[in-house]
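Dear colleague,

I am passing on the structure below, and I would be glad if you could look it over with the notes that follow it.

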Amino acid sequence: MGIDRQSLAAEFLNMLPSDCVIYRQEELIPFECDGLSAYRKVPLIVLLPYTVEQVELVLKYCHRQKIPVVARGAGTGLSGGALPHEEGVLLSLARLNKIVEVDSENRLARVQPGVRNLAVSEAAKPYGLYYAPDPSSQIACSIGGNVAENAGGVHCLKYGLTLHNVVQVTLITIDGERLTFGSTGLDGPGLDLLTLITGSEGMLGLVVEVVVKLLPIPERQQVALAAFDDVEIAGKAVAEIIAKGILPAGLEMMDNLSLRAAEDFVHAGYPTDAAAILLCEVDGSEDEVSEEIMRVRQILLDSGAREVRTAEDETERMRFWAGRKNAFPAVGRLAPDYYCMDGTIPRNQLGKVLTMIGEMSEKFGLPCANVFHAGDGNLHPLILYDANNEGELEKAEEFGGEILELCVAVGGTITGEHGVGIEKINQMCAQFPDPELETFHAVKAVFDPHNLLNPGKAIPTLARCAEFGAMHVHAGKLRFPELERF
Amino acid sequence: MSVDQDQSTQLQSSIKDALAEQSSLRLIGSGSKDFYGRELGPQSVLDLSGNRGIVSYEPTELVITARGGTPLEEIEAALEAQGQMLPFEPPHFDDKGTIGGAIAAGLSGPRRPWGGSPRDLLLGIKLLDGQGRIMSFGGQVMKNVAGYDISRLMAGAMGTLGVLLEVSIKVLPKPVEEHTLLVDRDPDAATSLIGAMIADSQPITASYSLADKQAIRLACSHQRLGTIRSRYGLQESTESTGFWQQLRDHKLDFFQQPKTLWRLSLKPTSPLELTEPCLQEWSGGLRWLYSERPAAEIRNLVERQGGHAIQFRNGDRSGDIFHPLHPRIAGIQQGLKAVFDPHGLFNPGRHYANY
Ligand SMILES: Cc1cc2nc3c(=O)[nH]c(=O)nc-3n(C[C@H](O)[C@H](O)[C@H](O)COP(=O)(O)OP(=O)(O)OC[C@H]3O[C@@H](n4cnc5c(N)ncnc54)[C@H](O)[C@@H]3O)c2cc1C
């Protein structure tokens, strides 16, 4: 190793068109971070290939020279997954952005990894179809990044995560071989390796083509907005809807701080004095939706909602959702910086967890807004801070770390959809004992024996965990000793 | 009925004994899928049926956690009592079947395209691996991207990577009513009509097609059924839920033939040049074929359409049963076997030869 930037650039300029190779310091800066901007590193070089063949060439070379490779899609990731390696190549897939085929009969689309999430639904629309997973970042994030993070969205409760909506992935291995996993049928031969690849955060191979499932656009969608005076009652209403056998297309919750921020930002029509709101969407045929939305309305009222409104028309429905989909940037206007967390908890722990987050917020002296994929238990606490204030970033990170450990303690997980990346690498130690971590490393080694793909991300070394444990288990005491362990 | 029991410690010591004796083990739940997979040599049996019982079930969380040896029937009864179901409609075949076996075999029933498969619904596992380690992956929540998704890798692995001590599975509300309609058309017209109904988001939950009989199952009220019937010009069938259960468990007459039964998984619209009749489910995505053609011929036909073929029942079971893999992918599979079962303890050769 130890190759310098100039000679590496010369090597790649021999291999690729000159506009694919970025190596001047000032041009490298835009690539120094992803959506988690608190972490920054300048890569040795950035490559922006146009074709799969070029990706293969790059990987073959890096494999021979043992140069680390970090994949980058649109760079909207929130866990530092695409944070560059200082001695490595940052390989952007953004130019592989073609929709290869829409097969309307089988409801499949074959796309390149750089295609934006929303562009798939746009291409499918003329056929009356759409791509269900809809992360709030869908205008910008790429399908390759979605596969790498197993991205979710507000419609996952009913339609599943990326994992449930991708049937086939073509991967380039670290030594440059092109392999296809999964099939265009409903299952593939052998072990289901697609399950490992989805959500593998660029650690097992480079995704260069994806076949996604498309769904028929429902005849009608309708949303109910319910206002609550108490967050815990809102949480119980969520359980009640599900207990009554309804599987909403979306079921989202926002607390007072986030709903006020969203209201100020996009004028969604939210009741700003509510402690929490729930957005519950149902979809299907005209009759089904009419019937179901009335049931939802009644259940919400019976569970203690102060007020339930249904969208008058499509414009109002879109406005209700715009508030939720813009919640992050909206909250972002409340403070110079915000830190977005991503834990998942069993729904029945919601009240307890929100109360404890409130207490932590007081302890750390940092406000926290909560946005919640309530239907599937995925919590996004947004911690507000100011990085210009000495020590505040560290405080925000410690607060965030405590929230994640709380999620594990109540039987949940440290990340529902944003991935571990570099951000939650310490909390992985709280979630997994050594044998599980060893297994993860061994699985990686099967695909990438020299640890060249996104090294140092997603799975902590056992040594790191030992150090983190020593830091966190003060005098042999675990955090949250009062909670039952799962 | 035997009692609920956590046998993880006993099973763990059986693994350690087998390791010490350098022997291998044939994992058996209830034995309902003994016919499936490659023929195994003489081996000690590791009986997993005693490790049974529902560990937790909270209907509002839409999750059930049960020990691997829990009978499917017991799980389905518990879910039924709460108006819920296992959405992948697992086949029972001989009325037995355990939840661990259902996940390990990875097979789904008629509801598959609309309800999902074992891998889609599996949320977490407690695994006993080939070194006798007990590890947990995934969990009981719907969304979890911490670490590689080891749990789902176990679905369809045919018990070759470890013992599923416990599984957590997503469950769904069970439709209040389901009805069967006959699609009285020639097969091609029926296929395109069903396609059109799916495009119209009609509440289809199963499809069946063989020769001149085509049927679909719909989850809707009787009133709505009437609307659908007249819209597409379909007749209501006298067939009850029993029919779909017989299809799921291969109890229909079609499945009683002594020939080799092939399971073909394909894109629904893929054409196949075959003279033998295929029974189709999943609106064409799953096709059952009785044929004595050479395996290579069938596999080639299917592979050319991007699908894969499993020699499901009967015939010579000493060669390839599951579809042969690309050599590099077979290598990855071997590598993973070495991670979870380095001494080749579990079901050697049942899935693929030398694996
Ligand atoms: C405002 C905002 C809202 C968001 N809302 C959601 C949400 O609702 N749900 C959700 O799940 N996420 C959400 N995210 C997070 C983010 O958008 C997703 O994680 C997305 O999937 C990342 O896609 P990307 O193309 O930007 O990937 P990047 O950030 O570029 O990369 C993410 C990871 O994937 C790897 N990677 C990228 N492309 C490839 C490839 N082709 N092959 C292999 N590895 C690759 C990278 O190495 C990295 O580890 C949000 C982000 C923002 C900023």
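Across the interface of domain 2 of chain A and domain 4 of chain A there are 4 residue pairs in polar contact, both residues of each pair being at pLDDT 80 or more, and I should say at once that this is a predicted model. By class, the side of domain 2 of chain A that touches domain 4 of chain A consists of 9 nonpolar, 4 polar and 2 charged residues, and the count of salt bridges between these two domains is 0. Together, domain 2 of chain A and domain 4 of chain A bury about 1500 Å², with 66% of that area on carbon and sulfur atoms. On the side of domain 2 of chain A, the residues that lose the most area to domain 4 of chain A are Ile174(A), Glu201(A) and Met203(A), which together make up 44% of what that side buries.

As for the wider layout, the domain assignment divides chain A into domain 1 (5–92), domain 2 (99–216), domain 3 (220–329) and domain 4 (335–472). The contact between domain 2 of chain A and domain 4 of chain A draws on 15 residues from the former and 18 residues from the latter, while the C-alpha centres of the two domains lie 26 Å apart.

One residue of chain A that I looked at separately is Arg319(A), which is placed in helix H12 (residues 314–325) of chain A. Arg319(A) has a relative accessible area of 35% and therefore counts as partly exposed, since that value falls between the 20% and 50% limits. If neighbours within four places in sequence are left aside, Arg319(A) is in contact with His267(A) and Ala268(A). Gly358(A), by contrast, is 39 residues away from Arg319(A) along the chain, and the C-alpha atoms of the two are separated by 29 Å.

Turning to chain B, the assignment gives domain 1 (5–174 + 330–340) and domain 2 (179–313), and the contact between them takes 16 residues from domain 1 of chain B and 19 residues from domain 2 of chain B. The centres of these two domains, taken over C-alpha atoms, are separated by 27 Å. Domain 1 of chain B and domain 2 of chain B bury about 1600 Å² between them, of which 60% is on carbon and sulfur atoms, and in domain 1 of chain B the greatest losses of area to domain 2 of chain B fall on Phe93(B), Pro110(B) and Trp114(B), together 42% of what that side buries.

Between domain 1 of chain B and domain 2 of chain B there are 2 salt bridges, and a salt bridge also joins the side chains of Lys251(B) and Asp95(B), at 2.8 Å from N to O. The side of domain 1 of chain B that touches domain 2 of chain B has, by class, 9 nonpolar, 3 polar and 4 charged residues.

Two residues of chain B deserve a look at their backbone. Gln22(B), which is not a glycine, has a positive phi of about 50°, and it lies in the loop between helix H1 (8–21) and strand S1 (25–28) of chain B. Trp282(B), also a residue other than glycine, has a positive phi near 55° and is found in the loop between strand S15 (278–281) and strand S16 (286–290) of chain B. Are these residues buried or exposed? Gln22(B) is exposed, because its relative accessible area of 74% is over 50%, whereas Trp282(B) counts as buried, because its relative accessibility of 1% is under 20%.

Lastly, the interface of the two chains. The contact takes 61 residues from chain B and 80 residues from chain A, and the area buried between the chains is about 5800 Å², with carbon and sulfur atoms giving 60% of it. Lys143(B), Val145(B) and Tyr148(B) supply 17% of the area that chain B buries against chain A, which is more than any other three residues.

Across this interface of chain B and chain A there are 9 salt bridges and 26 residue pairs in polar contact, with both residues at pLDDT 80 or more. The largest share of the side of chain B that touches chain A comes from H11(B), with 8 residues, and by class that side has 31 nonpolar, 16 polar and 14 charged residues. The side chains of Glu288(A) and Arg224(B) also meet in a salt bridge, with an N to O distance of 3.6 Å.

With best regards

How values were computed. Residues numbered from 1 in each chain as written. Chains lettered and ligands numbered in written order. Predicted model: local features only at pLDDT ≥ 70, side-chain atom pairs only at ≥ 80, totals over all residues. Heavy atoms only, no water. Domains from an automatic or database assignment. Contact = heavy atoms within 4.5 Å. Buried area = accessible area lost by both parts, 1.4 Å probe. Salt bridge = Lys/Arg side-chain N within 4 Å of Asp/Glu carboxyl O. Polar contact = N/O pair within 3.5 Å; in protein donor to acceptor, adjacent residues only side chain to side chain. Nonpolar A, V, L, I, M, F, W, Y, C, P; charged D, E, K, R; others polar. Helix = DSSP H or I, 4+ residues; strand = E, 2+ residues; numbered from the N terminus. Buried < 20%, exposed > 50% of the residue type's maximum accessible area, 1.4 Å probe, protein only.
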